[in-house]
Amino acid sequence: MFINKIGMEHLESGMNCQDYGFESVFESVVCDGCSEGKHSEVGAKLFCQLYKECGDTRDVFTELSGLFYKEVQQLKDFLCFTILRLYKEDDFFQVSYCGDGYIILQDHDGNIAFEELSDGEYPKYYIYNYIEPEYLKHYKDGVSFSQKTYSKKKYAKVGIASDGLRYILQADEELKQEFISCLKSGKELKTKLFINRNHKIFKDDVTIVF
């Protein structure tokens with residue numbers, strides 16, 4: 001299941017969807033552009049396309065940052081986005097992340113839980129590693145990916161999502177359970193239709209791989 005949906009507040013204000021991602025058999029990615037970055041959706045899309053080709057985050061950012069000749073404001077405008085990566089190995093799922101978002105966990109009994117990934121008020125953006133510390137307010141020493149591993153003995157399925165998911169998790173219990181039922185079904189269209197029917201709840205862009 002792969003869902004990439006613009007948030008209602010972005011739609012109403014004329015902003016682009018700043019989320020992007022992709023799903024594949026062994027590895028999937030979700031990126032969430034910074035709302036303060038004027039063109040962060042461009043960087044998120046370019047990253048995903050290039051990453052699919054080489055599979056190396058550092059190489060991709062070296063190439064992307066080189067496009068702007070170290071112009072700090074352009075690096076911030078185009079390349080500030082969070083990154084969540086999901087790897088499927090033989091015995092476990094591994095989530096590697098730089099920035100905020102959610103992990104979706106389904107056990108072998110079908111129960112679904114959500115694990116929030118949060119950096120607080122200031123998410124980590126990998127591009128900070130390519131900006132001189134004097135131009136940064138936070139993370140002047142750079143940022144790195146964190147990892148979480150989930151055994152396939154405990155979990156039947158693991159997914160990732162951008163932090164726009166938080167709005168449905170904060171909704172009333174009936175709507176939340178209906179959304180969880182859509183996830184359990186594994187049906188992409190059913191889940192998309194649910195989001196369309198309840199679009200006002202999804203204020204921010206949301207991308208889900210599950």
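Two rings of Phe, Tyr or Trp make an aromatic pair when their centres lie within 6.5 Å. Keep that cut-off in mind as you click around this predicted model, because it holds 15 such pairs.

**Stop 1: a ring pair between two helices.** Select Phe-179 and Phe-194 and show the rings. The centres are 5.8 Å apart and the planes make an angle of 40°, so this pair counts as tilted. Now colour helix α6 (residues 173–185), home of Phe-179, and helix α7 (residues 188–197), home of Phe-194; the pair therefore ties together parts 15 residues apart in sequence. Buried or exposed, these two, Phe-179 and Phe-194? Both are buried.

**Stop 2: the aromatic cluster.** Next, select Phe-47, Tyr-51, Phe-61, Phe-81, Tyr-126, Tyr-130 and Phe-145, which form one aromatic cluster. Stay on Phe-145 and add Arg-85: its charged end sits over the Phe-145 ring, 4.0 Å from the centre. For another charge over a ring, jump to Phe-93, where Lys-152 lies over the face at 5.1 Å from the ring centre.

**Stop 3: helix α4.** Select residues 72–79, which make up helix α4. Which of its residues are buried? They are Val-72, Leu-75, Asp-77 and Leu-79. Bring up α2 (40–54), α3 (57–66) and β4 (81–88) alongside, since these are what the buried residues of α4 pack against.

**Stop 4: a salt bridge between strands.** Time for charges: the whole structure has five salt bridges. Pick Lys-148 and Glu-115, whose side chains meet at 3.1 Å, N to O. Lys-148 is in strand β8 (residues 146–151) and Glu-115 in strand β7 (residues 112–117), so the bridge ties together parts 33 residues apart in sequence. Switch on a surface and look at the two ends: Lys-148 is partly exposed at 26% relative accessibility, and Glu-115 is partly exposed too, at 22%.

**Stop 5: a three-residue network.** Finish by selecting Arg-166. It has a salt bridge to Asp-163 (3.4 Å, N to O), and another to Asp-204, with the closest N and O atoms 3.6 Å apart. Arg-166 belongs to helix α5 (residues 166–169), while Asp-204 is in the loop between α7 and β10 (206–209), so that second bridge ties together parts 38 residues apart in sequence. Through shared partners, Asp-163, Arg-166 and Asp-204 join into one network. As for accessibility, Asp-163 counts as buried at 16%, Asp-204 is buried at 16% as well, and Arg-166 is partly exposed at 21%.

Key:
Residues are numbered from 1 along each chain as its sequence is written. This is a predicted model: local features need pLDDT of at least 70, side-chain atom pairs count only at pLDDT 80 or more; totals for chains, interfaces and linings use all residues. Side-chain values use heavy atoms; hydrogens and water are left out. Rings of Phe, Tyr and Trp (its six-membered ring) pair if their centres lie within 6.5 Å; planes under 30 degrees apart count as stacked, over 60 as edge-to-face and the rest as tilted. Helices (H or I, at least four residues) and strands (E, at least two) are DSSP runs, numbered from the N terminus. Buried means under 20% relative accessible area, exposed over 50%, partly exposed in between (1.4 Å probe, protein chains only). A charge sits over a ring if NZ of Lys or CZ of Arg is within 6 Å of the ring centre and within 35 degrees of the ring normal. Contact means heavy atoms within 4.5 Å. A salt bridge is a side-chain nitrogen of Lys or Arg within 4 Å of a carboxyl oxygen of Asp or Glu.
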